[in-house]
Amino acid sequence: AKVTYHLPDGEARTVEVPTGQSVMDGSVRNNLPGIVAECGGSCSCATCHVYLPAGAHAQFDDPTEEELELVEFLEGAQPNSRLACQLIISDQDEIHVEVVDSGL
Ligand code: FES
């Protein structure tokens with residue numbers, strides 16, 4: 001899928017991310033800023049915080065309890081907050097995420 005990362009500095013970068021990888025993988029593998037992914041994708045560090053645009057929730061599986069609990073305590077958490085390592089590419093054509101500056 002084509003994933004467009006709207007970066008904290010206002011720039012947007014679009015990259016191709018293969019099925020089975022996560023939105024976090026796509027960012028890290030392309031050296032994009034903003035997603036630190038300290039835990040490597042095991043849903044424990046919350047440094048891969050992104051916002052989904054309105055209506056985009058249906059593109060992905062619902063968050064697990066674990067993810068919801070982590071997101072709840074994040075600075076800047078919003079109802080459209082997700083952890084990018086839990087957003088898995090399947091058959092979406094186009095994905096947009098807003099990368100949240102984690103301050104790291
Ligand atoms: Fe650590 Fe997503 S990479 S929670």
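## Val3 and the strands beside it

In this predicted model, Val3 stands opposite Val15, a residue of β2. Val3 also stands opposite Ile95 in β5. Strand β1 covers residues 2–6 and is joined to β2 by five bridges, the two strands running antiparallel. Five bridges also join β1 to β5, but here the two strands run parallel.

Further pairs can be followed along β1: the bridge partner of Lys2 in β5 is Glu94, while the bridge partner of His6 in β2 is Ala12. The hairpin of β1 and β2 has five residues between the strands, and in this hairpin Gly10 takes a positive phi near 95 degrees.

## The sheet as a whole

In what order do the five strands form the open sheet? The order is β2-β1-β5-β3-β4, and the pairing is mixed. Because β2 (12–16) and β4 (81–83) stand at the edges and each has a single partner strand, one side of each is left without a neighbour in the sheet. On average, and with direction ignored, neighbouring strands of this sheet are turned by 35 degrees against each other.

On the other side of the order from β1, strand β5 is followed by β3. Strand β3 (residues 49–51) is joined to β5 by two bridges, and these strands run antiparallel. Within this pairing, Tyr51 has Glu98 of β5 as its bridge partner.

## Two faces of β1 and β5

In a regular strand the side chains alternate between the two faces of the sheet. In β1, the covered face holds Val3 and Tyr5, whereas Lys2, Thr4 and His6 belong to the uncovered face. In β5, the covered face is made of Ile95, Val97 and Val99, and the uncovered one of Glu94, His96 and Glu98.

The bridge pairs can be read against these faces. Lys2, on the uncovered face of β1, is paired with Glu94, which lies on the uncovered face of β5. Val3, on the covered face of β1, stands opposite Ile95, a residue of the covered face of β5.

## The nonpolar core

The largest nonpolar core has 20 residues, and those with the most contacts inside it are Val23, Val50, Ala84 and Val97. The elements that give two or more residues to this core are β1, α1 (23–29) and β5 (94–99). Of these contributions, the largest share, three residues, comes from β5.

Which residues does Val23 touch, if those up to four places away in sequence are not counted? Val23 touches Val3, Val50, Ala84, Leu87, Ile95 and Val97. Among these contacts, Val3 is part of the covered face of β1, and Ile95 and Val97 are part of the covered face of β5.

## Positive phi in the loop before β3

Most residues other than glycine have a negative phi. Cys43, however, has a positive phi of about 60 degrees although it is not a glycine, and Ala46, likewise a residue other than glycine, has a positive phi near 60 degrees. Cys43 lies in the loop between α1 and β3, and Ala46 also lies in the loop between α1 and β3.

Is Ala46 buried or exposed? Ala46 has 22 C-beta neighbours inside 10 Å and therefore counts as buried, the cut-off for a buried residue being 20 or more. Cys43 has 16 other C-beta atoms within 10 Å and so is partly exposed.

Notes:
Residues are numbered from 1 along each chain as its sequence is written. This is a predicted model: local features need pLDDT of at least 70, side-chain atom pairs count only at pLDDT 80 or more; totals for chains, interfaces and linings use all residues. Two strands pair if DSSP finds at least two bridges between them. Helices (H or I, at least four residues) and strands (E, at least two) are DSSP runs, numbered from the N terminus. Axes are lines fitted to C-alpha atoms, for helices over the stretch in contact, and angles run from 0 to 180 degrees between N-to-C directions. A nonpolar core is a set of buried Ala, Val, Leu, Ile, Met, Phe, Trp, Tyr and Cys residues joined through C-beta atoms within 7 Å. A residue is buried if 20 or more other C-beta atoms lie within 10 Å of its own, exposed if 12 or fewer, and partly exposed in between; C-beta atoms are placed from the backbone. Two residues are in contact if their C-beta atoms, placed from the backbone, lie within 7 Å.
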